[in-house]
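I opened the model today to look up its helices, its chain contact and its domains, and I am noting down what I found in the order in which I looked.

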Amino acid sequence: MMQYFNDLVLIFDSTVRLAVPLILACLAGLYSERSGIVDIGLEGKLLGAAFAAAAMAAVSGSPWLGLLAGIGVALCMSAIHGIASINLKGDQTISGVALNFLAAGLTTFLGQSWFHRGGFTPQLSADQRFNPITLPFAEQLKDVPIIGEIYWELISGHNILTYVAFIAVPVTAFVLFKTRFGLRLRAVGENPKALDTAGMSVSWLRYQALIITAVLVGIGGTYLSIAQSAGFNNNMSAGRGYIALAALIFAKWKPWPALLVCLLFGFLDAMQFRLQGIKFPVIGEVPVQAIQALPYVLTIILLAGFIGRAVAPKASGIPYTKER
Amino acid sequence: MSVRVPLPRWVDVALLPILNVVLAFLIGGLIVLSVGQNPLEAVGYMIYGAFGYGSGFGYTLYYTTDFIFAGLAVSLAFHAGMFNIGPEGQAYVAGLGVIIVALLLNGLHWALMFPLMITAGGLFGAFWAFIPGYLQAKRGSHIVITTILFNFIAISLMGYVITKILKPAGVDSDESAPIQAISRVPQLREFFALFKNSPVNLTFLLAIVALFFVYWLVWRTKFGYAMRTLGRNPTAARYAGISSSRMIMTTMALSGALAAMVAVNNVGGVQGRLILNFVAGAGFVGVAVAFMGKAHPVGVALASLLFGALYQGGQELAFSMPGITREMIVTIQALVILFTGAMGDMLRIPLEKLFARWQRTAGGG
């Protein structure tokens, strides 16, 4: 019995670790899509931020400067996206796709030119990374059955960015539904004309949303390369930006459901390694690929309206043109 | 005051795309310069690598073949108002269709095998694109999201099929059993010694045929007219009695079948077997090609040749200038999509002003 419990705690622990970048990217996407800007470029921003953070941490030796660099790169990419989709009223999907390629190409190219390690950044030492934090009393409570164990394994012992990700959920819920800014943000994604008529700047609101998006996804990318791993490697975002986008749709653009869906997708990810080679009664061995594809399949089933309906913010993806 | 004067046709069709591409290359050059390499020297190596000798040129045409198919796939869907980002997955799944007929009838002469591969691959690719089309038409799921998701599902599905089912016992690398030489699509070098040992094969001619086919389909048939109507103005299409759901599903299936020909080129022509991740980004290049070529077969052909030259030249470049990796091309690809696709208006607005002023002075004087 105790063995199963320990296993379960460990699985949940890796679930949390794997869900963090998803949560950050998903919330990032939430701000931008709620404001009416579709962001297919989350994947590229994660990748770009991961690279910048690792490169900066390796050169400067400080994870905090790495974090700043990660957010900075995400901000630059958001700026390109903003100019293309807000000022030039271009196609947001195309801009996002371009940003994803840009990140994929530039990170490998610059990584090779700067560090000559086949696209890897130098291995980071412990003080160049974000390290696990032991929460108060975790050490003392470690031996208390169940509660102590959960506290020690599951809640304590993560790095600061993990806690940031989990705090970002209630903060987002509050900002979105309880503040004036949140009201305007939701309105600009549903009916930008109404805000324009009320004398507010649609463009500025959307830029604000893009800035928040960049900060969150920048933290997510930083987490990948200098908290979860000890350096950047090629294409390390590995589709997480797309999974986050899928999670966002799955969560119907709401923060708390977003957390749950990201944890679910993180859990599936964690189970991938556990289920290898295990034979189940009736169905037999489950192929790793089936579990890998599950988040995508689930999202498609949801999108097709077979389990509830996902309706995007109404003005999402449409550039706003003031009447002349 | 802010009335926008439309640009002359030649500016819209030729000058603007060229300026956008030049801009993409200029920025690419600046990036190369910023890491301390000489971009002009790089361009020199690339041109030599892509066109300077027979087998290099053959490789260029081989890549061009892939990009024409993927570019046409994106273009065709685009005319019906859809953004198909799925040629990558559609081509990958089509590889399964190609290898199934090839291995079942292994040893059959290529003259019979080639059309069979085209049919089987085409059906598989069409099927993989049809589902997102169906979901868009009947269930309202957004085609961009579903085609992206289908790319990922294709990776998992094909990964399983190749490593667990097709891989013969005792083989280390992740690939299927080989197709016999007689059944493979013949290489052009068998007819033209010029191409030396390059992989360009008969599928290249199929790509040329596909270019004419798409032109005919889009601009010379009733179906193409309905497709463009739907793409330009869905409301008008509905009033004209065009069934949008049928158009969407048919167009997506055709688009997938075009993307599928990448698999014929690779699996049936070059490798002679199904290899893990054989598409290697060709489907995504199609997106850049379609935007750069303005979804017109002539543009697609030119853009494909440019990207084919970039890919082959990039290979040469990586040998000659170790400071530059081939990924620089992905960056160029991104900049091309950005400037010709999303930021197309950046140069258009100043050009419009310039031409408006020019016309005024010409008219007044």
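**A helix in chain B**

I began with H4(B), of whose 18 residues 15 are buried, so this helix is largely enclosed by the rest of the structure. I then looked up its extent: H4(B) covers residues 87-104 and reaches 26 Å from its first C-alpha to its last, close to the 26 Å expected at 1.5 Å a residue. I keep in mind throughout that this is a predicted model.

**Chain B as a whole**

I looked up the secondary structure of chain B next and found 14 helices and 0 strands. The radius of gyration of chain B is 22 Å, close to the 21 Å that the globule rule gives for 365 residues, so chain B is as compact as a globular protein of that length. Its C-alpha trace spans about 80 × 55 × 35 Å along the principal axes. Of the 365 residues in chain B, 55% are buried. I also looked up the contacts in chain B with a separation of 6 or more, and residues 24 or more positions apart account for 76% of them.

**Domains of chain B**

Which residues does the domain assignment of chain B give to each domain? Domain 1 takes 1-37 + 332-365, and domain 2 takes 55-322. I looked up the separation of the two domains of chain B, and their centres, taken over C-alpha atoms, are 30 Å apart. Where domain 1 of chain B meets domain 2 of chain B, 9 residues of the former are in contact with 8 residues of the latter. On the domain 1 side, the elements that give two or more residues are helix H1 (9-34) and helix H13 (328-342) of chain B, and the largest share, 6 residues, comes from H13(B). I sorted that side of domain 1 of chain B by class and noted 5 nonpolar, 4 polar and no charged residues.

**Chain A as a whole**

Turning to chain A, I found 13 helices and 2 strands. For its 324 residues a compact globule would have a radius of gyration near 20 Å, and chain A has 20 Å, which agrees. The C-alpha trace of chain A spans about 70 × 50 × 40 Å along its principal axes, and buried residues make up 49% of the 324 residues. Among contacts in chain A between residues at least 6 apart in sequence, I noted that 76% join residues at least 24 apart.

**Contact between the chains**

How many residues does the contact take from each chain? It takes 36 residues from chain A and 38 residues from chain B. On the chain A side, the elements that give two or more residues are helix H4 (92-115), helix H11 (240-250) and helix H13 (288-303) of chain A, and H4(A) supplies the largest share, 15 residues. By class, I noted 21 nonpolar, 12 polar and 3 charged residues on the side of chain A that touches chain B.

**Positive phi in chain A**

I ended with two backbone entries. Lys89(A), although it is not a glycine, has a positive phi of about 55 degrees, and this residue lies in the loop between helix H3 (63-87) and H4 of chain A. Lys89(A) has 14 C-beta neighbours inside 10 Å and therefore counts as partly exposed. Ala238(A), not a glycine either, has a positive phi of about 45 degrees, and its place is in the loop between helix H10 (202-228) and H11 of chain A. With 14 other C-beta atoms within 10 Å, Ala238(A) is partly exposed.

Methods:
Residues are numbered from 1 along each chain as its sequence is written. Chains are lettered from A and ligands numbered from 1 in the order in which they are written. This is a predicted model: local features need pLDDT of at least 70, side-chain atom pairs count only at pLDDT 80 or more; totals for chains, interfaces and linings use all residues. Domain bounds come from an automatic or database domain assignment. Two residues are in contact if their C-beta atoms, placed from the backbone, lie within 7 Å. Helices (H or I, at least four residues) and strands (E, at least two) are DSSP runs, numbered from the N terminus. Ala, Val, Leu, Ile, Met, Phe, Trp, Tyr, Cys and Pro count as nonpolar, Asp, Glu, Lys and Arg as charged, and the others, Gly among them, as polar. A residue is buried if 20 or more other C-beta atoms lie within 10 Å of its own, exposed if 12 or fewer, and partly exposed in between; C-beta atoms are placed from the backbone. The expected span of a helix is 1.5 Å times one less than its number of residues. The radius of gyration is taken over C-alpha atoms; the globule rule is 2.2 Å times the number of residues to the power 0.38.
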